[in-house]
Amino acid sequence: MMRHLLLPRCGPLRHLSSPISLPRLAHYKAPTPPAPPTPPKPPKKPVSFTFHDETWEDPYSWMSNLSDKVAMRHMDVYMEQEEKYTEAFMSDTERLQSKLQSEMAFRMTPELSTPPIKFGPWLYYRRVEEGKQFPVLCRRLASLNEEFISNKSPSAGFDFVSGRRIEQKLIDYNQEAERFGGYAYEELSEISPDHRFIAYTMYDKDNDYFRLSVRDLNSGSILSKPQADRVSNLAWVKDGKALLYTVTNNNRRPYRIYCSMLGSDEEDVKLLEESDDNVYVNIRHTKDFRFVTVNKFSITTSKVFLINAADPLSGMTLVWECGGQAHCIVEHHQGCLYLFTDAAKEGQPVDYHYLLCSPVVVSSSPRNWESVFIDDPDLIIEDVDFNDTHMVFIVREGRKFRICSVALPLPRGKGAVYLKELNPHFLPLPKYVSQISPGPNYDYYSSIIRFTVSSPVMPDAVVDYDLSTGMWNIIQQKNMLHERTRILYGTTSSASSLANASISKRSGSTDEVNFKDDLLWNDLSEFYACENYDVSSHDGVLVPLTIVYSRKNKKENHSPGILHGHGAYGELLDKRWRGELKSLLDRGWVVAYADVRGGGGGGKKWHHDGRRTKKHNSIEDFISCAKFLIDKEIVQENKLAAWGYSAGGLLVASAINSCPDLFRAALLKVPFLDPTNTLLYPILPLAPADYEEFGYPGDIEDFQAIRKYSPYDNIQKNALYPAVLISSSFNTRFGVWEAAKWAARVRECAVYDPKRPVLLNLTTDIVEENRYLQSKEAALEAAFLLKVIGS
């Protein structure tokens, strides 16, 4: 941004005493611009470590020594210096930040209410009251003044018969915040099947665990029991008269299951205690509340047990066992158990999930499970949901996501069939769908299934699909073009639009919306282009790359850009439309997404090829996508930024270490930057999935791989690094010391350039819950990019 330099006025003409001297102008020297701020230099206190006969030195190890009070006082001072340094560097962007924040906050305007969820006779929803920070959980009868119920304002209405408001307040989270020191973080909440109670867990910040409470929905009071700490799972039994819950040990490993009889003075009964430190336990009820499944899993084995919900003290029955850690979800439908799993088949690993079926009551042991569908590599089942009459599938064809349903019960006696043979009903969807997220779907007997459709060029659309009629409604979606939220009321149907477009199962037409109808989907592809590429990586593997840009504002061969990546835990890269990115898109930026190995969307092999000893594949994939953007002149050279969150921060930082000149800037949000020390000497408890993802230091091959990809241990000396803004917090999974150590070492080793700073921005704990803080953080990040790269 250009700044006008105000020069002092020229003084009057001065005549010297000598008559032959000519008049001359007084010379004024322009003020010298202020010197750039100097980055802080924390003290170095080298400590040597040796493992697997390798020795290395860590000069900033003291930053993670939380038990050393002197070290922590030094850390407090250092964090203050980092904060001042960031403020000084960004001081000339205050007006830009203010403008960006106004733009973003306007788009982030939260819904006053979540769309109501029907569960039994009730509609449940959360709404925000004026002037309050946290929402209120409410409900109302679905049958009362049904014709006036809207998804936008479900609380509206009055019962003139009883003379009372229709709405019933259940939990005011503003009051919960008073109980928990100003914080209102809820992890779990389960309504009892008789709708008399709600069991929920709130985060106790002072003790760093979640605390269980059960509230009577008629009186509003909290029951005296159960009240437990470190609760990780809940499941109602005995039609709501009893509650099962799991608790964790000090290392956050779920290991005990308790049963609490509501209204009883007796102590809660311990149903299970797992003594093996490598085994984790969780529970969930089937959707019809007939059974509770108990999963016990480790890296070597996975087991599923069944508890009869009508008699929870009668014991557990083993229904499934397999080798290795597998994803196992059991559901029940009319006397049959359905198992959705990715366990190995006949000892051979599989690259996908599949569905098995077995009767609840069996006469032989071990239980026999039969395949429901024949494996179809062209139609991969990613997720499944049930109700009393239908089964709903989220499927993938290549990289394309679809959603379909089939009627229950399935035909019997035919054995496994192809899903396509059951004539599934596919829903019409927009062109660029990046993710379909099911739920929440609590009511087993409801014909309506809810899901959310996400796209890089469309705000998230919450959809209700009526399985009995084939009708579907978009019940909530932001309208970014008019900067408002569009809510379609519950009585509005898409039937007419579908009829006009001739999109239906019977017509045999495609599931993809092939007509422009902003009133239907609010697809923004008319204004923002979305393009997909396959990029060849270092070993010839093709990596999907998605780019988004403004059709109006993109400048050919001169556009700056930002490349997103994650590549961990088999999770899909978040490519949803985000309102804060609109500020960059409208300033001519290209937003790109690299679906590198280690992430999701490509099967289990795609995930496994980017983890542990193969983590380097993720990094090479990301570098290949960055080079592609520049080589194809999609992004101008020296104007490419990178973005990574959590494990994605490791990906980006490792790519920077490999090719520091490839990127001009980077945003790292709560990044994982010091895997060697974190995996060897964890300060915060780690789960088996973390070691499965990044490697077991005890395994020498894993250890050597960790040392090679670790961002903190591979910073290039005397190289020019990009400008980096790191956002972190003391209360994140990867501690702020990782970010602080990496920043200090980059400054120490790399070439110093005041125009390419490494900034550390400490965020507050409650950014996710506060629209103002969300927009403030996003504005700071965008202003940083615009300052160091431009637009």
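Guide: Two strands count as paired if DSSP finds at least two bridges between them. The model here is predicted.

Visitor: How many helices and strands are there in the protein?
Guide: Both kinds of element occur. The protein has 14 helices, and its strands number 40.

Visitor: What share of the 791 residues in the protein is buried?
Guide: A residue is buried when its relative accessible area is under 20%. Of the 791 residues, the buried share is 54%.

Visitor: Which residue of β21 stands opposite glutamate 331?
Guide: β20 pairs with strand β21, residues 336–341, in the antiparallel sense over 6 bridges. Opposite glutamate 331, in β21, stands tyrosine 338.

Visitor: Which strands stand at the edges of the sheet β20-β21-β22-β23?
Guide: That open sheet has 4 strands with antiparallel pairing. An edge strand has a single partner, so one side of it is left without a neighbour in the sheet. The two edge strands are β20 (328–333) and β23 (370–371).

Visitor: What is the average twist from one strand to the next in the sheet β3-β4-β5-β8?
Guide: This is an open sheet of 4 strands, paired antiparallel. β3 (117–119) and β8 (168–172) are its edge strands, each pairing on one side only. From one strand to the next, the twist averages 25°.

Visitor: Which residue in β4 does lysine 118 stand opposite?
Guide: β3 and strand β4, residues 122–127, pair over 3 bridges in the antiparallel sense. In β4, the residue opposite lysine 118 is leucine 123.

Visitor: Is arginine 140 buried or exposed?
Guide: Arginine 140 is part of strand β5, residues 136–141. Its C-alpha atom is separated by 5.9 Å from that of isoleucine 166, 26 residues apart along the chain. The relative accessible area of arginine 140 is 1%, so arginine 140 is buried.

Visitor: How many bridges pair β29 with β30?
Guide: Strand β29, residues 448–455, is mostly covered, with 7 of its 8 residues buried. A hairpin through 2 residues joins β29 to β30. The two strands pair in the antiparallel sense, and the number of bridges is 7.

Visitor: In β30, which residue is the bridge partner of threonine 452?
Guide: Threonine 452 also has a partner in strand β28: it bridges with serine 437. β28 (residues 435–438) and β29 run antiparallel, joined by 4 bridges. In β30, the bridge partner of threonine 452 is valine 462.

Visitor: How far apart are the end C-alpha atoms of helix α2?
Guide: Helix α2, residues 94–107, has 14 residues. At 1.5 Å a residue, the expected span is 20 Å. The end C-alpha atoms agree with that, being apart by 20 Å.

Visitor: How are α1 and α13 oriented to each other?
Guide: The axes of α1 (residues 69–89) and α13 (residues 736–749) come within 12 Å and cross at roughly 65°. The crossing is left-handed. Angles of 65 to 115 degrees count as roughly perpendicular. α1 and α13 are therefore roughly perpendicular.

Visitor: Which residues of α13 meet α1?
Guide: On the α1 side are Met75, Tyr78, Met79, Glu82 and Tyr85. They meet these residues of α13: Val736, Trp737, Ala740, Ala744 and Arg747.

Visitor: At roughly what angle do the axes of α8 and α9 cross?
Guide: The axes of α8 (residues 615–631) and α9 (residues 647–658) come within 9 Å. α8 is roughly perpendicular to α9. Phe622 of α8 and Leu651 of α9 are among the residues that make the contact. The crossing angle is roughly 70°.

Visitor: Which loop holds proline 226?
Guide: The peptide bond from lysine 225 to proline 226 is cis, with omega near 0°. Most peptide bonds are trans. Proline 226 is in the loop between β11 (209–216) and β12 (231–237).

Visitor: Is asparagine 718 buried or exposed?
Guide: Asparagine 718 lies in the loop between α12 (700–709) and β39 (723–728). Its phi is positive, about 60°, although it is not a glycine. Its relative accessibility is 68%, and the cut-off is over 50%. So asparagine 718 counts as exposed.

Definitions and conventions:
Residues numbered from 1 in each chain as written. Predicted model: local features only at pLDDT ≥ 70, side-chain atom pairs only at ≥ 80, totals over all residues. Heavy atoms only, no water. Axes fitted to C-alpha atoms, helices over the stretch in contact; angles between N-to-C directions. Expected span 1.5 Å × (residues − 1). Parallel < 35°, antiparallel > 145°, perpendicular 65-115°, else oblique. Left-handed = near helix turned anticlockwise from the far one by under 90°. Contact = heavy atoms within 4.5 Å. Buried < 20%, exposed > 50% of the residue type's maximum accessible area, 1.4 Å probe, protein only.
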